[in-house]
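Reader: I would like a close look at one part of this model, with cut-offs stated. Take the surroundings of one polar side chain, then place them in the rest of the chain.

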Amino acid sequence: MEIDLETLIQKITRQVISELENRGVHITASPIQNESGCDRRDSEARAEKPDLSAYRTPVLTERHILRLQPETCRIIVPAGTVISPRAREMLKEKNIRLQTE
C-alpha cells in the first residue's frame, strides 16, 4: 500500500483532533491560509491549469499568473514548462505552488 505524505498528515491530524475533542479539549485555531485566503487543507479544489497551447514549448508568463482566480493555491503545468522570472516571483509573492504533470 502506498500513501502520499499530505494525505497521511491529514489523516493523522484528524485523528489527533478527534482524540483531543473526546478529552474535552476545544480546538480554536483557524485553517492555515495564504495571502489570497486559500485554505491549504482545501488546496485540491483550488488548482488551475493555465492554457499554454499557444507556445511550442510551454511558457508560464506573468500574464498567466494575473489571470488566476484569487483563491488559487496551485497551478498545474506540463513537464518542461519554462517559467518567466516575473511569473516565478509572482508565484512566490502569492504563495502559489507550482505542480508539473
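Author: What follows starts from one glutamate and works outward to the core, the salt bridges and the surface.

The model is predicted, so local features need pLDDT of at least 70 and side-chain atom pairs count only at pLDDT 80 or more, while totals for chains, interfaces and linings use all residues. Residues are numbered from 1 along each chain as its sequence is written, and side-chain values use heavy atoms, with hydrogens and water left out.

Glu 48 lies in strand β1, residues 47-48. Strands (E, at least two residues) and helices (H or I, at least four) are DSSP runs, numbered from the N terminus. Neighbours within four places in sequence aside, Glu 48 is in contact with Leu 68, Gln 69, Thr 72, Arg 74, Ile 75 and Ile 76; contact means heavy atoms within 4.5 Å. The Glu 48 side chain reaches the backbone nitrogen of Gln 69 at 2.7 Å. The side chains of Glu 48 and Thr 72 are joined by a polar contact of 2.4 Å. Such a contact is a pair of N or O atoms within 3.5 Å; within protein, one must be able to donate a hydrogen and the other to accept it, and residues adjacent in sequence count only if both atoms are side-chain atoms.

Thr 72 itself sits in the loop between α2 (62-66) and β3. With a relative accessible area of 2%, Thr 72 is buried; the classes are buried under 20%, exposed over 50% and partly exposed in between (1.4 Å probe, protein chains only). A polar atom of the Thr 72 side chain lies 2.9 Å from the backbone oxygen of Gln 69. Gln 69 is thus reached through its backbone nitrogen by Glu 48 and through its backbone oxygen by Thr 72. The C-alpha atoms of Thr 72 and Asn 95 are separated by 9.4 Å, with their positions 23 residues apart along the chain.

Two of the contacts of Glu 48, Leu 68 and Ile 75, also belong to the largest nonpolar core, which has eleven residues. Here a nonpolar core is a set of buried Ala, Val, Leu, Ile, Met, Phe, Trp, Tyr and Cys residues joined through side-chain atoms within 4.5 Å. Its other members include Ile 65, Ala 87, Met 90 and Leu 91. β3 (74-77) and α3 (85-93) are the elements that give two or more residues to this core, and α3 gives the most, with three. Ile 65 is in contact with residues including Ile 75, Ala 87, Met 90 and Leu 91.

Next, the charged pairs. A salt bridge is a side-chain nitrogen of Lys or Arg within 4 Å of a carboxyl oxygen of Asp or Glu, and the count comes to five. Lys 49 pairs with Glu 101, the closest N and O atoms being 3.0 Å apart. Lys 49 lies in the loop between β1 and β2 (59-60) and Glu 101 in the segment after β5, so this pair ties together parts 52 residues apart in sequence. Lys 49 counts as exposed, at 55% relative accessibility. Glu 6 forms a salt bridge with Arg 97 at 3.7 Å between the closest N and O atoms. This pair links helix α1 with strand β5 (residues 97-100), 91 residues apart. Arg 86, Glu 89 and Glu 93 are linked in a network of salt bridges.

For the whole chain, the secondary structure comes to three helices and five strands, in the pattern α-β-β-α-β-β-α-β. Buried residues make up 26% of the 101 residues.
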